[in-house]
Amino acid sequence: NSGYCNSCDYSSGFFNTVTPPLYAFNQPLSISREDFLNHEGVQILSGNFDLCIWINANDMTDEEKKANPIYETCGGYLKRLDYKTAWKVLWNNLTDIEKQKVIEIPNFDPVVFEEITGIDVIK
């Protein structure tokens, strides 16, 4: 609850007593918050999204080694990804079946998904 003087859950407004519907892809959901969060496609995304990935020393470029000399001690380094790159890494590592499960998320909208992630699921 990020609102003010609310007696309900998940409200960002003021003086509310009724929990508002959960939105996904800019539309209210017709299923419960719990059912949405337990949806296989949502679980796939939440369990695989990483803004940092470990790069083993053997996989590092000379430029990465120069910028991260600690790799010799650690055996690699933690690479920070920008947001849309992290989404592309996630998407590229999913199987076709997992990608389909994501597309089956309730209210899925490919235009909204691309705007947020940079991934065009239509092509």
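**Exercise 1. Salt bridges**

Find how many salt bridges the structure holds, and state which parts of the chain each pair links.

*Solution.* Step 1: the criterion is a side-chain nitrogen of Lys or Arg within 4 Å of a carboxyl oxygen of Asp or Glu. The structure holds 2 salt bridges by this criterion. The model is a predicted one, in which local features need pLDDT of at least 70 and side-chain atom pairs count only at pLDDT 80 or more, while totals for chains, interfaces and linings use all residues. Residues are numbered from 1 along each chain as its sequence is written, and side-chain values use heavy atoms, with hydrogens and water left out.

Step 2: Lys101 pairs with Glu40, and the closest N and O atoms are 3.6 Å apart. This pair links distant parts of the chain, since Lys101 is in helix H6 (residues 96-103) and Glu40 in helix H2 (residues 40-46), 61 residues apart. Helices (H or I, at least four residues) and strands (E, at least two) are DSSP runs, numbered from the N terminus.

Step 3: Glu64 pairs with Lys79, with 3.8 Å between the closest N and O atoms. Here too distant parts of the chain are linked: Glu64 lies in helix H3 (residues 62-67) and Lys79 in strand S4 (residues 76-80), 15 residues apart.

Step 4: classify the partners, where buried means under 20% relative accessible area, exposed over 50%, and partly exposed in between (1.4 Å probe, protein chains only). Lys101 is partly exposed at 26%, and Glu40 is partly exposed at 45%. Glu64 is buried at 14%, whereas Lys79 is partly exposed at 29%.

**Exercise 2. The surroundings of Asn6**

Decide whether Asn6 is buried or exposed, and list its polar partners.

*Solution.* Step 1: Asn6 lies in the segment before S1. Asn6 counts as buried because its relative accessibility is 16%.

Step 2: a polar contact is a pair of N or O atoms within 3.5 Å; within protein, one must be able to donate a hydrogen and the other to accept it, and residues adjacent in sequence count only if both atoms are side-chain atoms. The side chains of Asn6 and Ser11 are joined by such a contact of 3.5 Å. A polar atom of the Asn6 side chain also lies 2.7 Å from the backbone nitrogen of Asn16.

Step 3: with contact defined as heavy atoms within 4.5 Å, and residues up to four places away in sequence not counted, Asn6 touches Asn1, Ser11, Gly13, Phe14, Phe15 and Asn16.

**Exercise 3. Nonpolar cores and Trp91**

Identify the largest nonpolar core, then describe the place and contacts of Trp91.

*Solution.* Step 1: a nonpolar core is a set of buried Ala, Val, Leu, Ile, Met, Phe, Trp, Tyr and Cys residues joined through side-chain atoms within 4.5 Å. The largest has 19 residues, and those with the most contacts inside it are Phe25, Phe36, Leu45, Trp91, Val102, Ile105 and Phe113. At least two residues of this core come from each of H2, helix H5 (83-92) and helix H7 (110-117). Another core, of 5 residues, lies apart from it and includes Ile55, Ala57, Tyr71 and Tyr77.

Step 2: Trp91 is in helix H5 and is buried, with a relative accessible area of 9%. Not counting residues up to four places away in sequence, Trp91 touches Lys99, Val102, Ile103, Phe113, Ile119 and Val121.

Step 3: Trp91 and Ile44 are 47 residues apart in sequence, yet their C-alpha atoms are 10 Å apart in space.
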